[in-house]
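User: I have a model open and would like to know how some of its labels are justified. Please set each value against the rule behind the label.

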Amino acid sequence: MSTSTAPVVAAALRPGGWGFGVGILLSLAGVAVLGAAIAALLVLGVGVWGNNIPFVWGFDLIAYAWWIGIANAASLFAAVLVLRRHNLRTAVNRFAEAVALAAVLAAALYPILHLGRPWLFYWTIPYPATTGLWPQFGSPLVWDFWGIMAHVVVTSLFWFIGLIPDLATLRDRAATQGRRRLARAYGLAALGWRGSVVHWHRHQAAYRLVAALVLPLLLSAQTVVALEFAATLVPAWHEARLPVHLVVTGLPAGLGVVLAMAAVLRRALSLERIIDAVDMDLLARLLACAALASGAAYVHELVNGLLIADGAPREAFLARISGAGALSYWGAVVLGALLPQVLWRRDLRMKDWVVIPVGMLAAAGVWLDRWSLLVGGLLRDHLPVHAVPYVPTPAEWALLGGSAALFALVLLLFGRVIPVVAMFEIRHEETEAQALEEQR
Amino acid sequence: MSAPSPYGAIAEFGDADRMVAAIRHARAAGWSRMEAHAPHPVPEAAVALGAHAAPVGWIALASGLAGAAIAFGTQWYLSVHDYPLNVGGRPPQAWPVFLPAAYIVGVLWAAAAALLGMLWLNGLPRLHHPVFFARSIHRASQDRYFLHLLAEDPLFEPQAALVFLHSLSPLRASLVRAA
Amino acid sequence: MSASVALAAAGCDGPEEHGHPLHARARGTEQEAASYASVLDLEGLGRGVLVRTRGGHAVKIEGNPQHPASLGATDIFAEAAVLSLHDPERSQRIRHDGAPQMPRQLNAALAAARDALPPDGAGLRLLTGPLASPTLARLIGEVLNLYPGARWHRCDPLADDAALDGSLAAFGRPVAVLPDLARARAVLCLGADPLGPGPAQLRQARDWSVARRNGRAAGALPHLFVAEASPSLTGARADRRIPLHPAEAESFARAVAATLGVPGLASSGSHAAAAGVAEALRSAGQAGLVLAGRGQSPAVHALAHAMNHTLGAAGTALRLTAPPMARPERMTASLAALVADMVAGQVTHLLILGSNPVQEAPAALGFADALRRVGVTLHAGLWFDETAQRCHWHVPLRHPLEAWGDSRAFDGTPAIRQPVTRPLVEVAYEEASLLSALLGTPLTARAAVTATWRDVWGEESFESRWAEALETGTAGGPAPAIAPPLDPGWDRPGRPPSTGLTAIFAPDPGLREDAQNAWLQEMPRPMTGIAWGNAALFDPQTAERLALSPGDEVELILDGRRVLAACWPTPGQAPGCVTLPLGGGRAAAGAVGSERGFDANLLRPADGAWLAGGLEVRPTGRRAALVATAPPHRPDGSGAVPRLRAGEELPPITPQASLHPSWPQPGRAWAMVIDVDACIGCNACAVACQAENNVPVVGPAELARGRGMHWLRIDRHDHPQAPAASFQPVPCMHCEKAPCEPVCPVNATVHDNEGLNVMVHARCIGTRTCSNNCPYKVRRFNWNDHRPSLDTARRNVEVPLRPRGVMEKCTYCSHRISAARSAAAVEGRALRDGEIETACQRACPTQAITFGDLNADDSAVAAQRRDGRSYALLEHLGTRPRTTYLAPVVPGDTT
């Protein structure tokens with residue numbers, strides 16, 4: 001057996017260590033909090049949140065846009081790695097796909113839970129109702145409904161297609177170890193994969209195709225979220241640049257989370273050889289790059305808001321960047337765009353104690369950006385309507401923390417029961433590396 | 001107890017290059033019905049076996065276009081004909097608003113079709129396959145490479161096939177039973 | 001014994017005694033809506049109302065067009081009365097020392113008490129609120145005849161004794177000044193607030209708006225000057241507002257009087273603004289008018305009388321009549337005399353009828369302590385309130401909507417009050433029957449009222465006039481004008497002005513005795529935006545000097561009396577004075593009314609003075625629990641309200657080019673025009689909307705979180721130039737290009753074929769995105785389930801209750817549109833213009849709201865759309881609102 005993939009398989013098949021157990025327990029506790037928050041929400045209604053008129057949305061849509069951003073950046077990263085194939089170390093793409101999938105699952109909570117009557121969410125689906133009514137297809141929220149559904153499905157497919165051969169590996173390893181029941185479970189999931197070279201050929205084509213399809217989809221997902229704001233008449237939101245802004249500023253969140261999670265998991269699951277220094281280096285530089293792009297987006301926003309915009313949009317932007325809105329706006333700039341620039345220094349980006357906080361803080365910065373848009377953007381409206389400040393309640397914090405716990409739980413379970421990195425990719429790379437050495 | 005007719009004859013190789021060379025030899029020797037198994041994609045082997053991946057793309061493209069068209073048509077029919085409403089003073093036939101959902105559904109269908117089409121072309125999923133009777137075939141998912149001459153090949157005769165396979169200097173060669 | 005018989009008889013006014021239906025539906029059944037004419041009192045004076053009932057329940061109050069104090073409009077107190085009627089916290093039981101009792105136990109106790117009275121009734125005292133009811137006055141007179149030793153006292157915390165003194169000084173007799181603002185061309189208000197809440201508000205506001213309408217048409221607007229200490233509704237709309245410390249008021253009035261050449265002026269005064277004001281008054285001549293208000297000294301009232309006399313205003317800009325109140329006297333003196341007698345032990349029996357002196361009298365007077373010295377005390381009232389808790393006996397009273405009675409309007413016009421619903425509290429008594437029981441003559445209230453009017457009208461014409469009075473809602477004409485000569489020695493200069501920070505006590509603009517009324521509590525006060533409580537109003541400079549921010553807690557100290565209050569810096573407040581609204585800080589006003597704000601009565605001097613010098617303010621460093629729906633100062637930075645000079649016109653509202661072709665709009669196109677020039681910000685429309693549409697009350701905590709549900713809000717925009725404020729009511733705009741609709745994912749808000757922006761509650765899933773996209777922010781979301789509090793007998797069954805989690809908003813009263821449409825269909829005719837009145841339109845005292853079909857060229861609403869003052873809110877957004885506005889006209893040259 002190839003020595004290089006053994007730790008990966010071992011990580012998936014061995015009993016969990018104590019760290020893993022603690023992690024699972026913590027995230028299970030968080031998920032229990034999530035369950036309580038959801039139960040309170042369903043029983044008592046969205047009144048348990050701090051929203052009001054005009055701040056009809058708060059933590060719900062902030063978290064939604066934020067998780068979508070994380071999912072998008074992680075998907076983008078994974079898809080680009082798959083599409084560019086062998087030029088880069090691709091060990092982390094499976095892991096990035098898992099991050100994307102977990103983030104999409106966390107995000108998908110919100111469009112339903114934020115409703116005043118969540119149990120009626122299916123009214124956004126065109127089905128022959130007795131009323132004869134259909135959804136209003138012109139609404140960005142319907143697009144968003146389709147978008148998030150498609151996002152969940154395509155991200156899952158992308159992840160699953162890449163996983164099929166690895167599931168077959170696990171099946172065979174489990175069978176060799178005599179764990180027949182486990183082997184049967186993996187075998188069912190592997191769909192009877194037998195490593196046929198012809199199958200591999202079609203599999204690679206489908207994999208790359210879905211990777212390519214992820215790109216337009218994640219652009220559209222973030223764009224549709226942005227359209228929910230940009231299509232309104234709210235002066236701070238009614239901006240043609242908003243979709244691009246959300247896509248670009250969302251990248252540091254996803255890459256930051258992938259980077260931090262990669263740093264944590266390679267330690268926790270002893271995968272330093274699989275997700276190696278080159279991977280981490282690449283990821284860190286990508287994060288710095290994304291933060292640079294994000295910084296450019298902020299510069300454009302500032303130029304647009306202060307120099308080009310006029311009237312209500314300009315005043316609304318001024319309200320966002322000064323006074324009550326200043327902390328979130330400039331916090332977003334500092335954490336999301338400026339702080340990751342330290343990763344340009346190689347000595348810093350190779351240290352876990354740097355990349356973990358920087359990655360998480362970049363994600364926090366993007367969260368602040370969404371807060372600044374959603375809450376800060378409403379500080380100044382067309383009419384001087386007196387707005388009571390939006391103050392999130394414990395129920396909302398519980399939901400946010402709970403969704404993060406769900407994210408962590410899904411990731412931990414991924415790491416436990418399925419290969420955390422793509423084994424076939426590693427094997428593939430190794431044979432190519434051997435071939436290169438032989439040529440020399 | 002008479003020996004049942006085998007499913008094929010299989011040879012195991014330690015690296016991909018040997019397997020590719022073996023495939024080329026088999027093709028040159030006139031074998032036409034064969035399979036190869038590898039723990040990772042081996043493009044040269046696929047070329048040697050004459051595999052084509054393009055149908056996956058065509059299936060995805062056709063499904064994507066169909067999905068988009070159906071989504072657009074459904075929205076248009078429901079909004080314009082089935083239950084037209086004055087929504088914000090917009091005429092119901094304001095078709096640009098139907099595009100985002102059509103686009104998303106198109107992508108969704110294409111992605112689903114890529115997976116399903118690939119599985120369909122591969123004849124998957126299936127619960128069992130005779131090649132799993134082959135000894136150490138489980139290492140095809142880890143670190144071994146296999147060439148499998150199928151019994152349905154007109155040239156196939158068990159002993160001759162084994163002899164031919166041994167001529168390719170594999171780690172091991174054996175017959176695969178059919179059931 | 002006779003008393004017990006009387007009380008037993010008084011207790012059974014059956015439902016058969018309900019009044020005449022005035023406006024029955026074409027297809028009338030028991031369940032259909034019907035209206036009854038009646039009258040509701042405010043500060044003892046009546047405003048005619050039509051009460052709509054449904055299935056025997058009163059559900060909505062509207063103004064009686066035939067009543068001179070209503071003219072079809074309502075104020076917030078009349079609108080809210082129907083909620084008080086259904087208040088579950090109303091007193092339900094007879095109580096003795098707080099413990100529930102049976103009626104026979106009360107009867108026995110009263111019989112014993114009556115037997116204990118000496119024959120001349122010495123020691124018996126009656127205490128009522130202010131009243132103008134002919135029947136109650138007659139019955140009280142009979143009680144006093146029967147018991148010559150008995151006395152009648154009144155507790156009226158809002159009485160203006162200085163006005164009485166002023167008229168005594170000027171004319172030697174009490175007079176009522178009835179301004180005719182429709183004919184006045186120049187009006188000076190010395191602390192008077194004719195457009196503010198009060199028993200004459202509806203009439204005066206209508207007259208004022210008529211004068212402005214005529215003035216705009218003639219190209220010469222009437223002048224309105226307001227010199228006042230604390231911002232009022234009248235001050236907000238004045239052509240010139242002069243912030244005036246009360247100490248300067250007399251000097252200012254003297255300066256104006258001197259310029260006008262008023263004879264008999266004892267001394268002159270000076271004020272920079274006086275000359276211009278006097279000049280305008282002089283030019284107006286007989287159409288000039290000076291009004292002195294609450295809180296002014298007797299000398300200022302006398303000065304106002306003298307100025308009006310000099311201008312010759314009587315007969316043109318004003319009418320003088322005898323006061324409508326029964327037996328005018330100095331109310332504070334009346335109550336002080338009672339307390340003195342109680343303390344002296346001269347009072348053995350005290351009957352308190354519909355008054356709450358423990359709460360309403362200044363705490364310094366010591367009424368509550370004195371009450372303990374009275375042998376037998378009986379309180380009759382709607383609520384088991386502060387006074388009821390301290391009396392031996394408490395008897396629940398019927399709500400005015402349940403009881404027979406009568407009343408007089410501010411101009412003396414009498415009206416019969418008929419019950420419009422069965423008594424909701426079985427054991428409750430009527431005031432008239434309690435008094436007749438005291439007389440020993442068993443009479444129902446209806447019998448007492450008919451007896452009064454039988455005497456007035458004579459036996460032969462009684463039946464027809466009674467029926468007519470019940471149908472029209474008035475029982476005669478206004479009081480005749482009088483023309484008393486001006487006493488040559490009218491001018492008796494007042495006391496020297498007090499020094500230091502001056503406390504000004506003032507009625508709360510949103511509260512009277514109905515602190516229990518949640519609609520009133522939750523309605524933001526127009527000049528402060530404060531709801532569910534009150535605050536001490538500081539001028540911004542004083543607040544700044546004391547480093548006070550809005551909502552900071554301060555300790556107010558006056559002559560050693562202390563109270564904690566919230567501070568509210570109020571632009572326009574005259575420097576050096578602090579306004580303290582009365583009626584807050586109640587201890588026993590139920591869950592709704594208790595502990596809301598602070599009780600200014602704890603500070604008020606024992607003599608019930610409206611002003612007191614030497615107020616001390618100590619910031620406590622804490623924040624007060626204050627619910628403010630808006631900041632103190634609301635500049636119109638966005639130019640939401642364009643202001644025109646006389647004759648100026650705005651460009652016509654032209655629909656912006658749109659990407660999509662317009663949706664064709666054949667047939668009717670409902671639209672609303674709101675005249676901002678006429679709006680006085682009185683909130684009547686908002687309360688009417690709340691009553692009509694089952695709009696929930698959310699309570700102070702939710703309101704403070706910005707979750708108020710009022711479908712109609714009134715934005716006040718402050719301006720540096722006069723008028724100081726514009727009030728802009730903002731209902732749903734029913735935009736033709738409604739931005740809320742395209743963003744809804746489930747078609748829960750769409751247009752109907754008459755252009756209404758319809759909210760389909762049943763379809764709403766609560767994404768709230770429509771509110772995001774509403775630039776007017778008129779949509780309201782049900783954050784909580786408000787249905788339990790609304791699903792009472794009071795609810796308007798024609799408007800559905802909305803569940804938790806759905807949006808709601810103004811519907812243009814679409815149920816009224818459907819009702820009118822079916823009525824027209826049944827009668828086989830077309831809808832008439834003006835036939836459909838929205839609830840807000842109906843309530844508006846100045847008729848600022850017009851509703852109708854925009855597609856009908858001859859409709860009033862189409863005509864107003866063509867007016868040069870017409871503008872649409874946020875027109876540049878291209879929403880094409882169906883609700884448009886008429887811009888206010890600013891004064892030309894009065895700077």
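User: What is the phi of G219(C), just after helix 6 of chain C?

Analyst: In this predicted model, G219(C) takes a positive phi of about 80°. G219(C) comes just after helix 6 of chain C.

User: How do you know that the reach of helix 6 of chain C is close to the expected one?

Analyst: Helix 6 of chain C covers residues 201–218, which is 18 residues. The expected span is 1.5 Å times one less than the number of residues, and for this helix that is 26 Å. From its first C-alpha to its last the helix reaches 25 Å, close to the expected value.

User: Which strands do the buried residues of helix 6 of chain C pack against?

Analyst: They pack against strand 3 (45–54), strand 4 (57–63) and strand 9 (176–179) of chain C. Among the buried residues are L202(C), W208(C) and A211(C).

User: Why is W532(C) called buried?

Analyst: A residue is buried if 20 or more other C-beta atoms lie within 10 Å of its own. W532(C) has 28 such neighbours, so W532(C) counts as buried. W532(C) sits in the loop between strand 21 (530–531) and strand 22 (536–538) of chain C, and has a positive phi of about 50° although it is not a glycine.

User: What makes R327(C) partly exposed?

Analyst: Exposed needs 12 or fewer neighbours and buried needs 20 or more. R327(C) has 13 other C-beta atoms within 10 Å, so R327(C) falls in between and is partly exposed. Phi of R327(C) is positive too, near 45°.

Definitions and conventions
Residues are numbered from 1 along each chain as its sequence is written. Chains are lettered from A and ligands numbered from 1 in the order in which they are written. This is a predicted model: local features need pLDDT of at least 70, side-chain atom pairs count only at pLDDT 80 or more; totals for chains, interfaces and linings use all residues. Helices (H or I, at least four residues) and strands (E, at least two) are DSSP runs, numbered from the N terminus. Two residues are in contact if their C-beta atoms, placed from the backbone, lie within 7 Å.
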